[in-house]
Amino acid sequence: MIAARLLLSILMMLAAAHAGRAIAQSGGAVKPMSETALIASPEDLKDKRIAVLLGSAQASEATKRWPGATVLQFGSPTDMVLAIKTGKADAALSDGQPLKDILRQDPSLAILPQPLHRIPVGVGFNKENPALLTAFNAFLASIKRDGTYADMIDRWIEKGVYAMPELGPQPSGQVLTVGVSDGGMPFGGVVNNRWVGFDIEMAQRFANSQGKSLKIVSLEFGSLIAALVTGKVDLIAASIFITDERKQRINFSDPYFEETTVLLALRTRLAGQALKEGPKAGSGNWLARIKSSVRDNLLTENRYLLIWDGLKTTVLISILATALGTVLGALTCWMRMSKRGLLRLPAIGFISLLRGIPVLVLLLILYYVVFASVDINPVLVSVIAFALNFAAYSAEIFRAGIQGLDRGQAEAGIAMGFGRLRTFWYITLPQTIQRVLPVYKGEFISLVKMTSIVGYIAVQDLTKASDIIRSRTFDAFFPLLLAAALYFLIAWALLQAINLLERRTDPHWRRQRGRTA
Amino acid sequence: MIRIEHLSKRYGDVTVLADVSAEIRSGEVVSIIGPSGTGKSTLLRCLNGLETPSGGSIHVDGIDLLDPRSDIDQVRRTMNMVFQSFNLFSHLSVIDNLTLGPIKLKGLSRAQAQARARELLDLVGLSQKADHLPDELSGGQKQRVAIARCLAMDPKIILFDEPTSALDPTMVSEVLAVIRKLARDGMTMAIVTHEMAFARDVSNRVFYMDEGRIYEQGSPQEIFEQPKLEKTRAFVNRIRSLTRRIDTPGYDLYSLNAEIEAFCARQILPQSLRDRLLPLVEESLQICRPQLDRAPVDLTVAYSEKTGDLELIVERAAEAGNLMENPSVPDDLSVRLIRHYAQSVQYSEAAGRGRLVFRIDTHGAP
């Protein structure tokens, strides 16, 4: 039962991912934005396009309250805000606190003065671990008593100081895994390549009080509950509204804050909002704009470190998955070409199964189902998922390469007394490599690009890094183009390595070089 | 050196080798000839273990090849093979093709193997091509490299499987010249070939294979000049024939004539010959017609591509007697016509069969 519901939620996440990370829930044609119809109250949303966060309380509320509206679910608050700015949605329903920053930075956006409602937020716990919940409630009561809580509210929420206080050395005890989501300041986000925020400080203090070392796992908001239920994380802290719907799946701590839901839209689309003149983001000549983009997206808060770490992760996953996938592919190919059904049939099954499953689904199944109860590094899960996928394709590439070879040469090797194994090693293999490399290269390039989905299981790769930067700068253009350029460079650089191998196995090239040398 | 006893090979219901027994002695050059599909190549491939025989035994220098305990790879290193399609290693240069085996299998150093390889390339006249790749060579050059590759392993015997069949006619002689040279130097060889003149010159012994066995064997003179058996004779003289059994007086002469016409057209026989052959067939059937119910005849038209001889052979049970002496028809018109059309008529009896051979002069005018 739990597995079925889990699978359902995974599928919904996938659907969201494939529709450009947004799904229109109530269907219908996309309505043109009418400039005249200003939004004066929540009721005006009834025929509009509403942006919400996937899996948020606002998402289920919007669907129920405005059946005639088009509800667009986005994976992160950033995408939501960008959808408003680019006119892809008319209004967004969002948590109030994270918008404070955005509204300060961007005068083109505004909110309705009156919040839609206030809902208490809490930390989520697995229903099978009531002891941890009890410990947390005791911890929460104690920081409220000793003034720590009031201090935290003052710093993070009232004053907007986005820095973690000195909390002393990390205890080296058992690991406490906390699922967070880049919902934005003041609750959680990345500053100077570190997770900070009210939720983060609270989690850190709780871990310290328990004598445990804290491990932060960054997830899409919509995946938090699934990760908690499957035991991937011990608790989830991401300013989560305490709703009855969610209480059926998980336990909540005592409320630690009361969060508002507000309606966000372009200032020009809201009734009664005078146009404020403010510093325009896009002012100045293009050189100055690029300079400010580089500054905002890379230099401020050392954001280039995020990109650099993401780049390393992407390259690591690509190389390891290719290496492991090639070995597995060779093994599968050998089994597939065996005369014995006991070897051949499983190989055929493996190949058709793996080629028939989108690698994202495979990745999620491995993470949330196969390795559900195992504490495994998500990078390793990614390597395994892509290696399996790569193996299925490369096995068939190898098979085509071997079968296309001239049988006679292997026969000549056997007739000379090389035996089967050495004939394969000295004669069949070199020729196969030479033949399959062009196709293999193509498969490798698509693997590198496919790794951009590992963010779904909390791996911070290049794409995820650019997502995190976007969540802080609300600039779609620069981080995405930078990610595109970096993927292109990674693929190009790794391809050069394979090209070198290709040339080395090409007898004509070797001969040419021998002549000139 | 190689002893083959009662070797057989079947693929499902098809018997390729029925029962082959033979011996190849050291220093001998044995040519294996015969029509296509009679198991010549299969025999050779069985000797090298590329095919597993269905029965019988093969001993090479006393080692039983079919015994699973024998190290067949060790035997193969002394018994190398040259293929119809060359089978050079396409990813290696000519010299590397020659040195791969000696280095990896015989433990020679690279320098030793290369020195020996250059000697061998010299022997086959290709020392200039050492650094070329196989696909840069002509067919004849490839086959000479393949022979040199065999020699690089210092084999005791080389098996040639139709070494010139895939070659352009202009390149056949360069390959045969190399094999001739090896024969002069005393290399033991077994050669499956369709080059009759070559087989005759180069071999000590000739196996004629047919019906999945060694049908006749002997010295080249015996096989090519005095073959004992009819099939051997037909093959070495490249005789093309058409045989039909006539067993009723109501035979269909027109359809028989049409078949013979078609046969003549295939052999590109001149019209004048057909004009003599067809009446000869008609008259010879005429004289035996009343007896056809009791004594059916086998009628064969045979043409030798080698000698240009055209023969009509009428064969029936010997007890029915010689038709030309006792025709079964009262008037002798047919007999006289036959004598007019045929250059010579011979009658012989063997194994209870009486055989009349009418020869038609293909050289002079009628």
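The lining of the largest pocket is made up of 23 nonpolar, 10 polar and nine charged residues. The pocket belongs to a predicted model, and its volume is about 1500 Å³. The model also holds five cavities of 30 Å³ or more, a largest nonpolar core of 125 residues, and 41 salt bridges over all chains.

**The largest pocket**

- The volume of the largest pocket is about 1500 Å³, and 42 residues line this pocket.
- Closest to the centre of the largest pocket are A:Trp334, A:Met337, A:Ile402, A:Phe424 and A:Thr428.
- From chain A, the elements that give two or more residues to this lining are helix H11 (303-336), H14, helix H15 (407-416), helix H16 (419-450) and helix H18 (477-505).
- Chain B also takes part, through helix H2 (72-78).
- H16(A) gives the most to the lining of the largest pocket, with 15 residues.

**The largest cavity**

- The largest cavity encloses about 280 Å³ of space.
- Its lining consists of 27 residues, and A:Leu53, A:Pro77, A:Asp95, A:Pro98 and A:Gly183 lie nearest the centre.
- Three helices of chain A give two or more residues each to this lining: helix H2 (57-65), helix H3 (77-85) and helix H4 (97-105).
- Strand E3 (91-95) and strand E10 (235-241) of chain A do so as well.
- With five residues, E10(A) gives the most to the lining of the largest cavity.
- By class, this lining has 16 nonpolar, eight polar and three charged residues.

**The second largest cavity**

- A volume of about 110 Å³ is found for the second largest cavity.
- Of the 13 residues that line the second largest cavity, A:Ile102, A:Gly184, A:Met185, A:Ser471 and A:Phe474 lie nearest its centre.
- Two or more residues of this lining come from each of H3, H4 and helix H17 (462-473) of chain A.
- H4(A) gives the largest share, four residues.
- The lining of the second largest cavity divides into five nonpolar, five polar and three charged residues.

**Nonpolar cores**

- Within the largest nonpolar core, A:Trp156, A:Phe198, A:Met202 and A:Tyr256 touch the most other members.
- Helix H14 (residues 378-403) of chain A gives the most to this core, with 11 residues.
- Another core, of 40 residues, lies apart from the largest one, and its members include A:Phe418, A:Ile427, B:Met81 and B:Leu105.
- Neighbours within four places in sequence aside, A:Trp156 is in contact with ten residues that can be picked out in the structure: A:Val161, A:Tyr162, A:Ala163, A:Met164, A:Met185, A:Pro186, A:Val196, A:Gly197, A:Phe198 and A:Glu201.

**Salt bridges in chain B**

- Side chains of opposite charge can pair when their charged atoms come close.
- B:Glu28 and B:Arg205 form a salt bridge through their side chains, at 2.7 Å from N to O.
- B:Glu28 lies in the loop between strand E2 (14-24) and strand E3 (29-33) of chain B, and B:Arg205 in strand E9 (residues 205-210) of chain B, so this pair ties together parts that are 177 residues apart in sequence.
- B:Glu28 and B:Arg205 are both buried.
- A salt bridge also joins B:Lys156 to B:Asp61, with the closest N and O atoms 3.3 Å apart.
- B:Lys156 is in the loop between helix H5 (139-152) and strand E7 (157-161) of chain B, while B:Asp61 is in the loop between strand E4 (55-60) and strand E5 (63-64) of chain B, so the pair links parts of the chain 95 residues apart.
- B:Lys156 counts as partly exposed because its relative accessibility is 43%, a value that lies between the limits of 20% and 50%.
- B:Asp61 also counts as partly exposed, at 43% relative accessibility.
- The side chains of B:Arg353 and B:Glu315 meet in a salt bridge at 3.7 Å from N to O.
- This pair links strand E15 (residues 353-360) of chain B, which holds B:Arg353, with strand E13 (residues 310-317) of chain B, which holds B:Glu315, at a separation of 38 residues.
- At 25% relative accessibility, B:Arg353 counts as partly exposed.
- B:Arg353 and B:Glu315 also belong to a network of salt bridges that includes B:Arg245, B:Asp298 and B:Arg355.

Conventions: Residues are numbered from 1 along each chain as its sequence is written. Chains are lettered from A and ligands numbered from 1 in the order in which they are written. This is a predicted model: local features need pLDDT of at least 70, side-chain atom pairs count only at pLDDT 80 or more; totals for chains, interfaces and linings use all residues. Side-chain values use heavy atoms; hydrogens and water are left out. A nonpolar core is a set of buried Ala, Val, Leu, Ile, Met, Phe, Trp, Tyr and Cys residues joined through side-chain atoms within 4.5 Å. Buried means under 20% relative accessible area, exposed over 50%, partly exposed in between (1.4 Å probe, protein chains only). Contact means heavy atoms within 4.5 Å. On a 1 Å grid over the protein atoms alone, a cavity is a set of points where a 1.4 Å probe fits but cannot get out, and a pocket is an open set with protein on both sides within 12 Å along at least five of seven lines; lining residues have an atom within 4 Å of a point. Grid points are joined across faces, edges and corners, and a volume is the space filled by probe spheres set on the points. Ala, Val, Leu, Ile, Met, Phe, Trp, Tyr, Cys and Pro count as nonpolar, Asp, Glu, Lys and Arg as charged, and the others, Gly among them, as polar. A salt bridge is a side-chain nitrogen of Lys or Arg within 4 Å of a carboxyl oxygen of Asp or Glu.
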